[in-house]
Structure formats: C-alpha cells, structure tokens
Amino acid sequence: MHTDTRVEINRDVCIGAGQCALVAPDVFTQDDGGLSTLLPGHEDGGGAPMVREAVRACPVSAITVSEA
Ligand code: SF4
C-alpha cells in the first residue's frame with residue numbers, strides 16, 4: 001500500500017522555535033530568517049516517522065501532514 005504524504009509549513013504561524021529541525025533534521029531546516037523550511041526534495045517527508053514528532057513538537061502547530 002502506498003500513501004502520498006505531503007508536509008506543509010504555515011510560515012505565517014511559524015515563530016522559528018526550531019523544534020521541527022531539532023526533531024526531524026532530515027526534513028526541516030531553518031532559513032536565514034529563522035523560519036522553518038523544508039529541505040529540497042523532502043516535501044513528502046521522505047516517509048520519516050519523525051515528521052509526526054515534529055508536528056507534535058511544534059509549539060504553534062504550524063506543521064501539517066496530509067495523506068492522499
Ligand atoms: S517547530 Fe514550528 S514554530 Fe518552530 S520552527 Fe518548526 S514550524 Fe516553526
């Protein structure tokens with residue numbers, strides 16, 4: 001079974017707390033302004049289970065994971 005996962009960051013909400021990059025460094029990084037951004041090619045989360053941890057860890061719930 002294959003599911004398409006899509007990770008999105010609401011950068012209007014992100015406060016740059018960096019929890020996501022800490023928890024799932026393969027998927028998230030912080031840009032020059034300190035806001036979270038996805039690493040190129042990891043928009044699908046790379047299937048990393050830590051992405052879900054990042055969703056939980058974000059203090060402002062800026063990260064959403066949707067599955068198609
Ligand atoms: S944990 Fe949330 S607020 Fe912090 S950098 Fe990541 S997306 Fe932004």
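1. Helices (H or I, at least four residues) and strands (E, at least two) are taken here as DSSP runs and numbered from the N terminus. On that basis the chain has 2 helices and 4 strands, which follow one another along the sequence in the pattern β-α-β-β-α-β.

2. The model is a predicted one, in which local features need pLDDT of at least 70 and side-chain atom pairs count only at pLDDT 80 or more, whereas totals for chains, interfaces and linings use all residues. Residues are numbered from 1 along each chain as its sequence is written.

3. As to confidence, pLDDT is the predictor's own estimate for each residue, from 0 to 100; its mean over the chain is 92, and 96% of the residues reach 70 or more. Among the elements, strand β3 (residues 36-38) has the highest mean, 97, and strand β4 (residues 63-67) the lowest, 92.

4. The radius of gyration, taken over C-alpha atoms and set against a globule rule of 2.2 Å times the number of residues to the power 0.38, is 11 Å for the chain, which agrees with the value near 11 Å for a compact globule of 68 residues. Along the principal axes, the C-alpha atoms fill a box of roughly 40 × 20 × 20 Å.

5. If a residue is called buried when 20 or more other C-beta atoms lie within 10 Å of its own, exposed when 12 or fewer do, and partly exposed in between, with C-beta atoms placed from the backbone, then buried residues make up 19% of the 68 in the chain. The largest nonpolar core, meaning a set of buried Ala, Val, Leu, Ile, Met, Phe, Trp, Tyr and Cys residues joined through C-beta atoms within 7 Å, has 11 residues, among them C14, C20, F28, C58 and A62.

6. Contacts are counted where two C-beta atoms, placed from the backbone, lie within 7 Å. Of the contacts in the chain with a separation of 6 or more, 59% are accounted for by residues 24 or more positions apart. Leaving aside neighbours within four places in sequence, A62 is in contact with I9, N10, V13, C14 and S36.

7. H42 is found in the loop between β3 and α2 (50-57), and it counts as partly exposed because it has 17 C-beta neighbours inside 10 Å. Beyond its neighbours within four places in sequence, H42 is in contact with D26 and V27, while its C-alpha atom is separated by 12 Å from that of V65, 23 residues apart along the chain.
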